[in-house]
Amino acid sequence: MIGTPLLKGATKFLILGSGELGKEIVIEAQRLGIECVAVDRYQNAPAMQVAHRSYVINMRDYDALFSIIEREEPDFVIPEIEAINIDALLDAESFTEVIPNAEAVKITMNRELLRRLAAEKLKLKTAKYEFATNLEELKEAVEKLGYPCVVKPIMSSSGKGQSIIKDEKDIEKAYNKAKEARGSSEKLIVEEFIDFDYEITLLTAKSEDIKFCEPIGHIQKDGDYIMSWQPHNMPDELKNEAKNIAEKIVSALGGRGIFGVEMFVKNDEVIFSEVSPRPHDTGMVTMITQEMSEFEIHVRSILTLPISTKLLTPGASYAIKANINKYAPKYDIKDALKVENVKIRLFGKPNATIGRRMGVILAHAENVDKAKELVKKAAELIKIC
């Protein structure tokens with residue numbers, strides 16, 4: 001049963017993190033009459049612009065976060081980012097439901113816990129890895145794994161603090177970058193560099209059962225998404241292996257919702273990389289390719305409503321990134337929208353900073369290659385000023 005928003009008995013979502021993914025969650029939830037409360041660290045974040053109410057707090061602060069959960073008494077607490085006080089979520093589970101659950105959020109926001117679950121408990125194939133807490137330990141880890149290797153904070157998002165170490169002179173620079181990343185912790189993870197053939201996101205919906213979307217291919221730079229497309233063509237045996245890996249990790253994490261499972265494919269081998277217990281940035285392409293976007297699937301999975309992962313058309317997405325630093329930026333998108341089969345979603349972020357994702361271009365076509373051409377063409381025609 002779904003109640004009426006803003007009245008007694010309303011079904012209420014509290015979204016922690018109000019970026020572009022949270023905005024689409026709110027839009028889909030409101031279509032079903034869900035009362036939505038958005039929380040973030042800055043005012044007028046994208047999801048706040050479409051939610052019923054919003055709060056600006058430091059979500060790493062236990063007291064600030066727990067007091068809002070306690071005050072709002074939501075039916076569901078839905079984390080959209082990693083930078084959240086996990087103890088507040090764990091304690092809140094005594095009177096509300098955290099999606100997918102607080103322990104899953106804890107594991108997936110911490111690369112050490114996730115690696116130990118995937119590689120050591122579930123025996124999934126992953127990159128070789130070491131951990132380091134200081135510069136000397138980092139040097140030792142690099143020596144064990146060899147060049148090149150990848151260094152990341154064990155807690156960060158969107159590639160923040162990530163570096164590739166190609167030789168000895170890169171080590172200290174990579175160490176400092178990882179330590180300075182927003183949301184980072186004292187410990188770093190060092191992984192072997194996998195020269196993969198391609199990487200995919202397998203969106204995996206878990207509710208009363210588990211369903212898979214068609215694989216999404218993507219390009220990332222420094223861990224941040226640039227372009228994605230669906231479906232990514234891959235042999236059936238590798239697709240089945242990817243589904244097997246995704247089902248194992250999602251089942252181990254438990255709870256409900258959509259999970260973005262990232263994997264590398266090299267030769268005839270599928271290698272687990274990471275998992276997000278929420279809609280995935282590369283999955284924004286589903287807003288134009290699927291019968292239900294990843295956001296609608298997430299909302300419906302939370303509510304145990306029927307879902308569809310049916311692909312309607314090949315398509316692609318391309319991130320619109322700022323090339324200026326500007327408060328209250330403006331966008332010239334008229335020429336870009338003249339490109340056939342193209343749609344644009346501007347997120348409405350109040351501040352543009354160089355490299356920040358400000359919107360996304362979507363296109364459908366008769367095949368993925370054509371869709372890629374369309375989004376790239378549109379991207380060249382967009383001006384931010």
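**Figure 1. The parallel five-stranded sheet of the predicted model.** In this predicted model, five strands form an open sheet with parallel pairing, in the order 3-2-1-4-5. Strand 3 (53–56) and strand 5 (97–98) occupy the edges; each has a single partner strand, so one side of each is left without a neighbour in the sheet. Strand 2 (residues 35–40) is joined to strand 3 in the parallel sense by four bridges, and Val-39 stands opposite Tyr-55 of strand 3. Helix 1 lies across strand 1 and strand 2, and its direction makes about 175° with strand 1. Cys-36 has a relative accessibility of 0% and therefore counts as buried.

**Figure 2. The antiparallel four-stranded sheet and helix 5.** A second view shows an open sheet of four strands, paired antiparallel in the order 6-9-7-8. Its edge strands, strand 6 (129–132) and strand 8 (163–165), each pair on one side only. On average, and with direction ignored, neighbouring strands of this sheet are turned by 30° against each other. Helix 5 (residues 111–121) packs on the sheet, where it touches strand 6, strand 7 and strand 9. The direction of helix 5 makes about 155° with that of strand 6. Within the sheet, strand 7 (residues 149–153) and strand 9 (residues 188–192) run antiparallel and are joined by five bridges. Val-150 stands opposite Glu-191 of strand 9.

**Figure 3. Surroundings of Thr-126.** Thr-126 is placed in the loop between helix 5 and strand 6. The relative accessible area of Thr-126 is 8%, below the 20% limit, and the residue is therefore buried. With neighbours within four places in sequence left aside, the contacts of Thr-126 are Arg-115, Ala-118, Ala-119, Glu-192, Ile-271 and Phe-272.

**Figure 4. Antiparallel pairing of strands 10, 12 and 13.** Strand 10 (residues 198–206) runs antiparallel to strand 12 (residues 216–221), and two bridges join them. Thr-201 has Ile-216 of strand 12 as its bridge partner. Strand 12 also pairs with strand 13 (residues 224–230), in the antiparallel sense and over five bridges. Here the bridge partner of Gln-220 is Tyr-225 in strand 13. The hairpin of strand 12 and strand 13 has two residues between the strands, and Asp-222 in this hairpin takes a positive phi near 55°. Cys-213 is buried, with a relative accessible area of 3%. A search of the whole structure finds zero disulfides.

**Figure 5. Surroundings of Glu-199.** Glu-199 is found in strand 10. The relative accessibility of Glu-199 is 12%, under the 20% limit, and the residue therefore counts as buried. Residues up to four places away in sequence not counted, Glu-199 touches Ile-216, Gly-217, His-218, Gln-220, Met-263 and Phe-264. Glu-120 is separated from Glu-199 by 79 residues in sequence and, from C-alpha to C-alpha, by 22 Å in space.

**Figure 6. Helix 10 and its packing partners.** Eight of the nine residues of helix 10 (residues 294–302) are buried, so this helix is largely enclosed by the rest of the structure. The buried residues are Glu-294, Phe-295, Glu-296, Ile-297, His-298, Val-299, Ser-301 and Ile-302. They pack against strand 1 (12–16), helix 1 (20–31), strand 4 (76–79), strand 10, strand 14 (257–266) and helix 9 (286–289). Thr-304 follows helix 10 and has a positive phi, near 55°.

**Figure 7. The buried and exposed residues of helix 11.** Helix 11 (residues 368–380) has 13 residues and reaches 19 Å from its first C-alpha to its last, close to the 18 Å expected at 1.5 Å a residue. Val-368, Ala-371, Lys-372, Leu-374, Val-375 and Ala-378 are the buried residues of helix 11. Seen down the helix axis, these buried residues fall within an arc of 160°, so they line one face of helix 11. Asp-369, Glu-373 and Glu-380 are exposed on the other side of the helix. The cover over the buried residues of helix 11 includes strand 13, strand 16 (315–321), strand 19 (342–346) and strand 21 (357–364).

How values were computed:
Residues are numbered from 1 along each chain as its sequence is written. This is a predicted model: local features need pLDDT of at least 70, side-chain atom pairs count only at pLDDT 80 or more; totals for chains, interfaces and linings use all residues. Side-chain values use heavy atoms; hydrogens and water are left out. Two strands pair if DSSP finds at least two bridges between them. Axes are lines fitted to C-alpha atoms, for helices over the stretch in contact, and angles run from 0 to 180 degrees between N-to-C directions. Contact means heavy atoms within 4.5 Å. A disulfide is a pair of cysteine sulfur atoms within 2.5 Å. Buried means under 20% relative accessible area, exposed over 50%, partly exposed in between (1.4 Å probe, protein chains only). The expected span of a helix is 1.5 Å times one less than its number of residues. The arc is that of the directions from the helix axis to the C-beta atoms.
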